[in-house]
Amino acid sequence: QRFLALIVLSFVFSHTQAQFYSSFVGENILGLATVTDSPAVAQNVLRYSNWINTSVQFHYDVSSFAGFYSGIQNSNIGFIVKQNDVVFKARTYSVGVPLAIKLGNMSKHFYMALGAQEDLFYNYKQKVIYNNNKTKSNEWFSNKTNLLNSSFFAKVQLPKKSFIRFRYYPKSFYCDNQNIGLPDGSFLRDFNTQLFYISIGTNNF
C-alpha cells in the first residue's frame with residue numbers, strides 16, 4: 001500500500017511546477033433544510049438567493065492534476081417553511097473560510113473539489129407572512145443562531161468558469177430548539193433545521 005501511494009504521489013507531483021493564483025467567485029444558491037418540529041407539520045420550501053454570495057479564492061496547484069484552495073466567502077443562506085397559511089422565512093449572512101483539495105486538470109480548470117468550511121453567522125433575519133401581512137426582525141450576531149457553523153462540500157468546476165456545488169451543514173442552524181408563535185395561533189414547536197444547498201456559479205480565474 002505504501003508503494004502504491006508513493007507511485008500515485010510521484011505521478012501527481014512530477015508533471016508541473018507549483019503555481020499560485022487567485023480567483024473571484026459569484027454563485028446562485030438553491031437551499032433547503034432538514035426540519036425538526038413537533039408535531040411534524042411544517043413544509044419545506046425551496047429558497048433561492050443570489051445576493052452577496054461572493055468569495056475570493058487563493059489557489060495553490062502542486063501539479064497539473066492536483067491542488068488546494070482557501071479564501072474568504074460571504075453567503076446568504078437560510079430556509080423557508082410553510083405551516084397552514086403561514087410562511088416563515090429565516091436567513092443569515094455568513095462569512096467563511098474554506099479549505100479544499102482539487103483533483104483534475106488544473107491547466108484547464110476542470111476538476112473535482114472536496115472540502116470543509118467554517119462560517120461565522122453575523123446577521124440573522126426572520127420574516128413571517130400571513131394574510132398578505134409581513135412581520136420581520138433583524139439581529140446582528142443573534143443569540144438564536146449558532147455563531148460558528150461548519151459545513152462540508154463537493155464541487156465540480158467546469159472548464160469555462162462555471163461550477164456546481166453541494167454543501168451541507170451538519171450542525172443545527174439555531175442554538176436551541178425554537179418555539180415560534182405564528183400569527184394564525186399555531187406554533188413551530190421544538191423547531192430546528194440543518195441547512196443544505198446546491199449552488200451554480202462562475203469562477204473568474
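These are my notes on the nonpolar cores and the enclosed space in this structure.

**Model.** I worked from a predicted model.

**Main core.** I looked up the nonpolar cores first. The largest one holds 21 residues. I noted the residues with the most contacts inside it: Phe79, Phe88, Phe173, Tyr174, Leu188 and Phe191. Then I checked which elements give two or more residues to this core. They are strands E1 (19–36), E5 (66–83), E6 (86–105), E7 (110–130) and E12 (187–204). E12 gives the most, with four residues.

**Second core.** Another core lies apart from the largest one. It has six residues, including Tyr69, Met106, Ala113 and Phe153.

**Phe173.** I picked this residue for a contact list and left out residues up to four places away in sequence. Phe173 touches Phe79, Phe121 and Tyr124, among others. Its list also includes Ala90 and Leu195. Arg91, Thr92, Thr145, Asn146, Asn149, Asn192 and Thr193 are on it too.

**Cavities.** How many cavities of 30 Å³ or more does the whole structure have? My search gave one. The largest cavity has a volume of about 50 Å³.

**Lining.** I listed the residues around the largest cavity. Ile29, Gly31, Leu32, Arg47, Ile77, Gly78, Leu195, Phe196 and Tyr197 line it. E1, E5 and E12 each supply at least two of the lining residues. By class, I count six nonpolar, two polar and one charged.

**Cross-check.** Leu195 turns up twice in these notes: it touches Phe173, and it lines the largest cavity. E1, E5 and E12 also recur: each gives two or more residues to the largest core, and each supplies at least two to the cavity lining.

Conventions
Residues numbered from 1 in each chain as written. Predicted model: local features only at pLDDT ≥ 70, side-chain atom pairs only at ≥ 80, totals over all residues. Heavy atoms only, no water. Core = buried A, V, L, I, M, F, W, Y, C linked by side-chain atoms within 4.5 Å. Buried < 20%, exposed > 50% of the residue type's maximum accessible area, 1.4 Å probe, protein only. Contact = heavy atoms within 4.5 Å. 1 Å grid on protein atoms, 1.4 Å probe; cavity = no way out; pocket = protein on both sides within 12 Å on 5 of 7 lines; lining within 4 Å. Points joined across faces, edges and corners; volume = space filled by probe spheres on them. Nonpolar A, V, L, I, M, F, W, Y, C, P; charged D, E, K, R; others polar.
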